[in-house]
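Here is a colleague's note to read beside the model. Take the points one at a time and find each residue in the viewer as you go.

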Amino acid sequence: MSVTSDEAGAPVRRLGIIKLRPEHREEYLRLHGEVWPEVRTMLTACGLRNYSIFLEGELLFSYAEYAGDDYAADMAKMAADPVTRRWWQLTDPCQEQTEGAVPGEWWTPMREVFHHD
């Protein structure tokens, strides 16, 4: 995961990539076309903003800005949330980690080679 800072000095996290399983493509797109309000609320409560997921072929690219003070604690809070856990039970089978995945990360971090504000 790449980390830089925004204008206010908050860490910005560019999350990474993951594969979309072709047989689950339509389900994944349907789910993300109607993201549950509780999931959106939890993302905000855990300091994530300007969160986007892009699709190119079978690769998903995720971008988010983290505006909190303790990323590990906020991600643990999200992982403990029952609604988020139910959401992940639906979305995780749609995804497959890439060959570059690292232990403890679902999305494969990507090295930033250029950034311009």
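1. Let's begin with a pair of neighbouring helices in this predicted model. Helix α3 (residues 71-80) and helix α4 (residues 82-91) have axes that come within 5 Å and cross at roughly 75 degrees. Angles from 65 to 115 degrees count as roughly perpendicular, so α3 is roughly perpendicular to α4. On the α3 side, the contact is made by Met 78, Ala 79 and Ala 80, while α4 brings Pro 82, Thr 84, Arg 85 and Trp 88. Sorted by class, this contact of α3 with α4 has 5 nonpolar, 1 polar and 1 charged residues.

2. Stay with Arg 85 for a moment, which sits in helix α4. Is Arg 85 buried, exposed or partly exposed? Its relative accessibility is 48%, so Arg 85 counts as partly exposed; the class called exposed begins over 50%. Setting aside neighbours within four places in sequence, Arg 85 is in contact with Ala 79 and Ala 80. Now look for Val 39: this residue is 46 residues from Arg 85 along the chain, and their C-alpha atoms are separated by 9.5 Å.

3. Helix α4 has another partner to look at. Helix α1 (residues 25-33) and α4 pack at an angle of about 150 degrees, with 10 Å between their axes. Angles over 145 degrees count as roughly antiparallel, and therefore α1 and α4 are roughly antiparallel to each other. Tyr 28, Leu 31 and His 32 of α1 make the contact with Trp 87, Leu 90 and Thr 91 of α4. These residues divide into 4 nonpolar, 2 polar and no charged. Why give both an angle and a distance for such a pair? Two packed helices are described by the angle between their axes and the distance between the axes.

4. Now step back to the whole chain. What is the order of helices and strands along the sequence? The pattern reads β-β-α-α-β-β-α-α-β, which comes to 4 helices and 5 strands. The protein chain has 117 residues, and 34% of them count as buried. Its accessible surface is about 7,300 Å², with 54% of that belonging to carbon and sulfur atoms. Among contacts between residues at least 6 apart in sequence, 67% join residues at least 24 apart.

5. Next, a pair of strands. Strand β3 (residues 48-56) and strand β4 (residues 59-66) run antiparallel and are joined by 7 bridges. You can trace the pairing with two examples: Arg 49 has Glu 65 in β4 as its bridge partner, and Ile 53 has Ser 62 in β4. The hairpin of β3 and β4 has 2 residues between the strands, and Gly 57 takes a positive phi near 60 degrees in this hairpin. How much of β4 is buried? Strand β4 is mostly covered, with 6 of its 8 residues buried.

6. Asn 50 deserves a look of its own, and its place is in strand β3. Asn 50 has a positive phi of about 50 degrees, although it is not a glycine. Most residues other than glycine have a negative phi. As for its surroundings, Asn 50 has 47% relative accessibility and so counts as partly exposed.

7. Move on to Ile 17, which lies in strand β2 (residues 11-20). Leaving out residues up to four places away in sequence, Ile 17 touches Leu 60, Phe 61, Thr 98, Trp 107, Thr 108 and Met 110. How far apart are Ile 17 and Ala 101 in sequence and in space? They are 84 residues apart along the sequence and 9.0 Å apart from C-alpha to C-alpha.

8. Finally, find Gln 95 in strand β5 (residues 95-96). Residues under 20% relative accessible area count as buried, so Gln 95, with 5%, is buried. Which residues does Gln 95 touch, not counting those up to four places away in sequence? The list is Ile 18, Lys 19, Arg 21, Tyr 28, Leu 60, Trp 106 and Trp 107. You have met Tyr 28 already, in the contact of α1 with α4. Leu 60 is also familiar, as one of the residues that Ile 17 touches.

Note on methods:
Residues numbered from 1 in each chain as written. Predicted model: local features only at pLDDT ≥ 70, side-chain atom pairs only at ≥ 80, totals over all residues. Heavy atoms only, no water. Buried < 20%, exposed > 50% of the residue type's maximum accessible area, 1.4 Å probe, protein only. Contact = heavy atoms within 4.5 Å. Areas by Shrake-Rupley, 256 points an atom, 1.4 Å probe, with all protein chains shown as cover. Pairing = 2+ DSSP bridges. Axes fitted to C-alpha atoms, helices over the stretch in contact; angles between N-to-C directions. Parallel < 35°, antiparallel > 145°, perpendicular 65-115°, else oblique. Nonpolar A, V, L, I, M, F, W, Y, C, P; charged D, E, K, R; others polar.
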